[in-house]
Amino acid sequence: MSNPWLKKNPFMSMWFSNANRVANTVRAQSVAQARKQARPNTAASFNAAQAIMDIWLGTAVATKPAKTRRRK
């Protein structure tokens, strides 16, 4: 006599298939989001590198403060 606990359960199989589908979708979205956030902002990193190079090379020029008018 065969053991009934070892028979295939079609409902359990469908449930696991859907659970794996959801888990893989969540995993793929989280990996995509992590990669998106890990990408450097090219404009910001370029400006920061440019500012550092200006400081090291001494080409950074201090801006003059704006002239203020005196009230009479």
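**Tour of a two-helix model**

Select tryptophan 15. Its relative accessible area is 56%, so tryptophan 15 is exposed; the cut-off for that class is over 50%. Keep in mind that this is a predicted model.

Add phenylalanine 16 to the selection. This residue has a relative accessible area of 44%, so it ranks as partly exposed. Show both rings. The structure holds 1 aromatic pair. Ring centres of tryptophan 15 and phenylalanine 16 lie 5.3 Å apart, and the planes meet at 75°, so the pair is edge-to-face. Angles over 60 degrees earn that label.

Zoom out to the whole protein chain. Its secondary structure comes to 2 helices and 0 strands. Colour by accessibility next. Of the 72 residues, 0% count as buried. The chain exposes about 7900 Å², with 61% of that supplied by carbon and sulfur atoms.

Now select residues 10-38, helix H1. What span should its 29 residues have at 1.5 Å a residue? The expected value is 42 Å, and the end C-alpha atoms are 42 Å apart, which agrees. Go to the start of H1 and pick asparagine 9. One of its side-chain oxygens comes within 3.1 Å of the backbone nitrogen of phenylalanine 11.

Move to helix H2, residues 42-57. Run the same check on its ends. H2 has 16 residues and should span 22 Å at 1.5 Å a residue; the end C-alpha atoms are 22 Å apart, so the two values agree. Step just past H2 to glycine 58. Its phi is positive, about 75°.

Go back into H2 and select isoleucine 52, which sits in this helix. Is isoleucine 52 buried or exposed, or partly exposed? With 46% relative accessibility, it counts as partly exposed. Extend the selection to Met53, Trp56 and Leu57, and show the surface. Together with Ile52, these residues form a nonpolar surface patch. The patch has about 520 Å² of accessible area.

How values were computed
Residues numbered from 1 in each chain as written. Predicted model: local features only at pLDDT ≥ 70, side-chain atom pairs only at ≥ 80, totals over all residues. Heavy atoms only, no water. Patch = residues over 30% accessible without salt bridge, like charges linked within 9 Å, V, L, I, M, F, W, Y side chains within 5 Å. Areas by Shrake-Rupley, 256 points an atom, 1.4 Å probe, with all protein chains shown as cover. Salt bridge = Lys/Arg side-chain N within 4 Å of Asp/Glu carboxyl O. Helix = DSSP H or I, 4+ residues; strand = E, 2+ residues; numbered from the N terminus. Buried < 20%, exposed > 50% of the residue type's maximum accessible area, 1.4 Å probe, protein only. Phe/Tyr/Trp six-rings, centres within 6.5 Å; stacked < 30°, edge-to-face > 60°. Expected span 1.5 Å × (residues − 1). Polar contact = N/O pair within 3.5 Å; in protein donor to acceptor, adjacent residues only side chain to side chain.
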